[in-house]
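Work through the exercises below with the model open. Each task is followed by its solution.

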Amino acid sequence: MSEYAIEMLHITKRFPGIIANDDVTLQLRKGEIHALLGENGAGKSTLMSVLFGLYQAEEGEIRKDGKVVHITSPNVANDLGIGMVHQHFKLVECFTVLDNIILGVETTKGPFLEKTEARKKVMALSEKYGLQVDPDAKIEDITVGMQQRTEILKMLYRDNEILIFDEPTAVLTPQEIEELMVIMKNLAAEGKSILFISHKLNEILEVSDRCTVLRKGKYIGTVDTKDSTAESLSAMMVGRSVNFHVEKQPCHPGDTVLSVRNMSVASKAHKKMAVNNVSLDVRAGEIVCIAGIDGNGQTEFVYGLSGLEPLASGTIMLNGKDITRSSIRQKSIGGMSHIPEDRHKHGLVLDYSLEDNIILQNYFEPRFTKHGFLQRRAIREYAEKLIEQYDVRSGQGPITAARAMSGGNQQKAIVAREIDRGPELLIAVQPTRGLDVGAIEYIHKQIVAQRDAGKAVLLVSLELDEVMDVSDRILVMYEGEIVGEFDPKTTTVEELGLYMAGAKRATEESDLYLAGAKRKEM
Amino acid sequence: MTTLISYTIFFASVLMLVALGGCFSEHSGVINLGLEGVMVFGALGGALGMRYADLPPFVMVVCCVLMAVLFGMLYSLLLAVAAINFKADQTLVGTAMNLLGTAAATVIVKALNMAADPNNTSSEIVYVVPKKFFMVNFMGFEISYLMLLAVVLLVISYLVLYRTRFGLRLQACGEHPQAAASVGINVFRMRYAGVLISGFLGGLGGLMYILGGVSQWKFEVGVAGFGFLSLAVMIFGQWKPLRIAAVALLFGLFRSLSNTYNGFPFLVELNLPGSVYNMLPYIVSLVVLALTSKNSHAPKAEGIPYDKGMR
């Protein structure tokens with residue numbers, strides 16, 4: 001018997017124009033937790049898609065228990081005992097947990113479904129590995145954590161021996177991440193072999209036995225985690241040493257720039273308010289960060305602020321002026337800049353050129369428009385200046401279609417446009433989502449530079465590292481309400497996590513809420 | 001009163017059958033806007049059966065039903081091939097199918113009529129005798145076999161959708177095809193199944209529609225928007241068979257008022273023009289959809305072609 005559960009040897013996978021995997025080797029031992037580390041675009045997902053049968057590699061071979069196998073489709077992977085928890089869950093929202101688990105391997109009695117045995121098996125597995133789920137709850141009604149446990153149970157129900165976790169912690173609270181780590185260790189102790197894909201170094205260091213690193217499609221190496229540090233792994237991942245901590249001076253807040261009072265925004269998904277009676281201030285020269293788990297009203301709050309959604313109630317003051325009912329353009333002229341959450345939907349017109357995207361917010365100013373005609377030369381000069389200044393890289397400079405640019409450079413273009421307008425208030429929503437380490441560093445620097453120049457910055461982020469590093473003041477949002485205010489220098493990630501999960505809040509009733517949240521979780 | 005009831009049941013059965021067809025198609029993820037055309041072709045199949053077959057009564061009924069169902073399924077293959085294999089826009093394909101359905105049926109029937117008698121350029125098929133074969137005396141009511149069949153098909157639809165492996169997988173394909181594919185379900189095959197079932201039920205509904213009241217059918221009039229009305233029934237019925245049946249009864253009642261309002265003195269006294277009653281079901285469906293569509297829970301992935309590359 002081979003000591004490896006799965007071996008992927010010298011895998012090469014090409015797509016038109018790029019080599020996504022270039023001679024990559026990954027050997028997964030039986031019963032180990034093996035991390036696969038790499039930046040966005042390093043080829044982790046491609047490699048896993050090859051293993052899961054979604055793509056076929058041009059070169060190289062895959063061995064299971066030492067024998068060569070040909071994984072031509074996900075069904076073959078399933079038959080070989082390979083299961084995967086995808087980054088975006090593959091769950092049918094209107095089905096129950098149990099139906100999702102049995103889907104595809106249903107047992108029947110005559111023509112009809114027979115779920116009694118399946119339920120017993122699911123409950124036994126749930127007990128054995130500490131995966132609490134309510135088998136009769138619908139997916140749309142349960143927490144993300146429970147959805148993930150459902151995905152894990154799906155693999156276990158199929159008796160999979162090789163479990164792939166694709167960025168499993170991205171959607172979880174710190175407490176849920178802790179639980180997941182324990183579950184993964186239990187699974188490995190029971191003899192399951194686990195592949196854990198991540199770019200979060202501390203998680204890899206905590207949970208994995210060995211770690212394989214990819215960079216730009218190439219195999220960099222495999223190391224024992226116990227001999228590694230965050231610095232050594234990140235140097236392998238990025239190819240140079242990275243400064244994790246954002247350099248910044250102490251903050252000296254000035255006058256209040258943004259003042260929101262009792263803002264509520266209706267929800268499109270349900271009958272409750274998405275944003276419920278929120279009040280906050282942002283002062284000049286400080287970075288205020290709204291932290292929270294995705295979907296707790298942050299998006300709607302920014303929509304309300306920027307004018308993309310109408311307010312149900314409340315007032316917004318910018319520099320002492322009431323802008324509650326101002327149009328989006330008035331707000332923009334009045335000094336509000338917005339780096340939107342979804343850069344493709346609200347940040348750029350993808351089919352426009354880079355230069356047209358750069359003047360999207362101020363094309364109507366006399367320097368760009370005379371007598372109703374666009375001043376092409378002035379626009380070109382301005383665009384070239386910003387491209388130079390903010391190091392926006394693209395194939396053809398100002399005339400490149402925005403669609404053809406990389407995510408990092410698209411984001412840089414938006415940052416350039418929004419910052420160069422000299423705003424009083426900069427709203428940045430998940431400004432570093434999906435970007436690689438270099439681009440993240442750059443954008444954080446720009447945000448801090450704005451603060452140091454005396455501007456007010458409102459940052460909305462789901463990444464706790466970013467929240468802790470960049471902000472001067474943290475507000476936690478839970479179910480549309482601000483439930484706590486923290487100083488990043490004195491709080492901890494764990495404490496924020498409790499508030500983000502709704503387990504604690506800044507009122508006398510905190511014990512009551514704690515009990516309520518626990519009940520919901522069961 | 002009895003005429004009102006029998007008309008209501010008749011119209012409700014047609015609407016329910018066709019709406020159930022749409023329901024299966026949409027649960028698989030394909031919007032079948034072409035139900036109107038499917039009905040016309042089902043009607044054509046059945047009518048041709050009644051015209052050319054010469055069989056003992058009960059065999060005749062079975063044969064005509066099979067013809068209608070077969071024509072409906074063949075016609076719905078157009079949608080399946082275009083929408084599933086070629087990832088065409090389902091709204092456009094469905095609309096084209098409706099236009100084509102009535103036109104093609106008219107051409108076919110005219111050609112057949114002219115071949116039999118060069119002077120006969122009508123698009124009419126007459127089926128006075130075979131129509132009687134469909135009628136059966138049921139507890140004093142003169143009803144059609146097809147109504148009984150409709151009730152049976154309602155029960156079967158409910159069981160298939162909620163109690164079988166096929167139903168679970170079909171719904172998974174309409175809600176989250178990537179999830180279905182990731183557990184080894186062949187989304188293409190399930191969507192074909194969904195569309196073909198809608199052809200089956202839609203074709204049957206078409207045959208039933210032309211057997212109501214009259215003994216000949218002019219194919220150039222199509223089925224007078226019943227396919228669309230069925231879609232309204234399906235949406236108001238929230239894609240759930242039992243609710244669809246209930247809503248079909250309601251819509252059937254409004255539709256039958258236009259045939260029977262003369263029998264109710266208080267309605268006659270209102271002195272409304274007859275066309276008001278004719279319009280009633282369509283107006284009701286407009287109002288109902290305007291008021292309820294906000295809360296409707298359509299299958300999430302309906303109308304979106306399934307692409308293996310998308311994850």
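**Exercise 1.** Find which elements the buried residues of α13(A) pack against.

Solution. Start with the buried residues of α13(A): I379(A), A383(A), L386(A) and I387(A). Buried denotes 20 or more other C-beta atoms within 10 Å of a residue's own, exposed 12 or fewer, and partly exposed in between, with C-beta atoms placed from the backbone. Next, look for their partners: α12 (354-358), β20 (373-374) and α14 (407-420) of chain A. Contact here requires C-beta atoms, placed from the backbone, within 7 Å. The model is predicted: local features need pLDDT of at least 70 and side-chain atom pairs 80 or more, while totals for chains, interfaces and linings use all residues. Residues are numbered from 1 along each chain as written, with chains lettered from A and ligands numbered from 1 in the order written.

**Exercise 2.** Which exposed residues does the face of α13(A) turned away from its buried side carry?

Solution. An α-helix has 3.6 residues a turn, so residues three or four places apart point the same way. The face turned away from the buried side of α13(A) carries R377(A), E388(A) and Q389(A).

**Exercise 3.** Compare the expected span of α13(A) with the distance between its end C-alpha atoms.

Solution. The helix has 15 residues (376-390). Taking 1.5 Å times one less than the number of residues, the expected span is 21 Å. The end C-alpha atoms are 21 Å apart, which agrees. Just after the helix, D391(A) takes a positive phi of about 55°. Helices are DSSP runs of H or I with at least four residues, strands runs of E with at least two, numbered from the N terminus.

Methods:
Contact = placed C-beta atoms within 7 Å.
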